[in-house]
Amino acid sequence: MSAHTDTAAAPPIHADPSIDPASTIGTVRLTVSDLGRSRSFYEHALGLVPQELDDARLALGAAGKPALVELAGDACAPALDRRATGLYHLAILVPSRLDLAHALARLAEARWPLDGASDHLVSEALYLSDPDGNGIEIYHDRPREQWRYEGGRLQMATLALDLHSLVGELAAAASPQRSVPAAMRIGHVHLQVSDLGEAEAFYHGVLGFDVTVSDYPGALFVSAGGYHHHVGLNTWHSAGSSPPAPGSIGLRSFEVELTGAAELEQVLARIAAAGLTVDPALSGTGWVVRDPSGNAVVLRSR
């Protein structure tokens, strides 16, 4: 079943209650055109461990850990529409700067090109795209005590990343990193939306994420528990756009994981109060609600 959202009027923004501060982002589900080609990329260029699922799906993550990414293959899927709403990138968080250097080394060994490399003050990040053009960020966080605030607002920027310094981290490594660290996880998702005001009303006013950065041109960042962002939202290519054609290459859904059933019920109650509807998740756990731009959010407790 698919969720239905009435986007005729954005729900009101409420400062409280906030989402559970321990909330995190879980599995990101994508549609790809060639599952075998994508498996090779995610396994060899990113170092993720594949697990075959039913219905031509593939789960990928660290060995023995929940999936970071789940892929569904469909050779007939419409191509990725970069002007539509949907995924801007999914972001894989690695535990350390050395782990980020190892990620860069894997990409170099696979001869996979970068789309960019940035220093965001709170983090350092590599950007690339999978074979279908789905955006991916691999990053590590700087310690929170190094994050900068002005007037109570977190400072983020997009500066050039010193790749020579990053590669220099490998000098301390005893050997190449053959398997990705078990502690890696999805740190955030960044979405293309049609309207930032509507997006803020949903992610802040209904789901309860805190706004962390609102003065970045054409973008908004929200989080739980003081993190720099769990969800990024922008209109750089998608202002006023509609969702992509059903079944298109790109985002199927992403998970917001809460710590327990009570926290989940609180979020579901706010969704109902806003006049929005939810449907059972196809995964069998959790509930699906769509944001005003049509992006599917799976809400579940760990």
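Start at the second largest pocket, which has a volume of about 260 Å³. Select the residues closest to its centre: R106, E109, P176, Q177 and R178, out of 13 that line this pocket. Then colour α1 (35-45) and α2 (97-109), the elements that give two or more residues to the lining. Of the elements, α2 gives the most, with 4 residues. Rolling a probe the size of a water molecule over the atoms shows where empty space is left.

Before going further, colour the chain by confidence. This is a predicted model. The protein averages a pLDDT of 93, and 95% of the residues score at least 70. Now select residues 1-16, where the pLDDT is below 50. Beyond near neighbours in sequence, this stretch has 31 contacts in the model. Where pLDDT is low, the predicted coordinates should not be read in detail.

Next, show the strands. Nine of them, in the order β11-β6-β7-β8-β5-β12-β15-β14-β13, form an open sheet with mixed pairing. At its edges are β11 (159-160) and β13 (210-213), each of which pairs on one side only. Strands of a sheet pair through backbone hydrogen bonds, either parallel or antiparallel.

Within the sheet, select β5 (residues 86-93) and β12 (residues 185-192). These two run antiparallel and are joined by 7 bridges. To see one such pair, pick H89 together with its bridge partner in β12, H190.

Move on to the edge strand β13 and to β14 (219-223). The two run antiparallel, with 3 bridges between them. D210 has S223 of β14 as its bridge partner. In the hairpin, 5 residues lie between the strands, and G218 takes a positive phi near 70°.

Stay on β14 and show its side chains. Which way does each residue point? A219, F221 and S223 point one way, while L220 and V222 point the other way. In a regular strand the side chains alternate between the two faces of the sheet. Is β14 buried or exposed? Because 5 of its 5 residues are buried, β14 is largely enclosed by the rest of the structure.

Now add β15 (231-234). It runs antiparallel to β14, and 4 bridges join the two. Here the bridge partner of L220 is L233 in β15.

Finish with helix α4 (residues 196-206). This helix lies across β12, β13, β14 and β15. Relative to β15, helix α4 runs at about 160°.

Conventions: Residues are numbered from 1 along each chain as its sequence is written. This is a predicted model: local features need pLDDT of at least 70, side-chain atom pairs count only at pLDDT 80 or more; totals for chains, interfaces and linings use all residues. Side-chain values use heavy atoms; hydrogens and water are left out. Two strands pair if DSSP finds at least two bridges between them. Contact means heavy atoms within 4.5 Å. Axes are lines fitted to C-alpha atoms, for helices over the stretch in contact, and angles run from 0 to 180 degrees between N-to-C directions. pLDDT is the predictor's confidence in each residue, from 0 to 100. Buried means under 20% relative accessible area, exposed over 50%, partly exposed in between (1.4 Å probe, protein chains only). On a 1 Å grid over the protein atoms alone, a cavity is a set of points where a 1.4 Å probe fits but cannot get out, and a pocket is an open set with protein on both sides within 12 Å along at least five of seven lines; lining residues have an atom within 4 Å of a point. Grid points are joined across faces, edges and corners, and a volume is the space filled by probe spheres set on the points.
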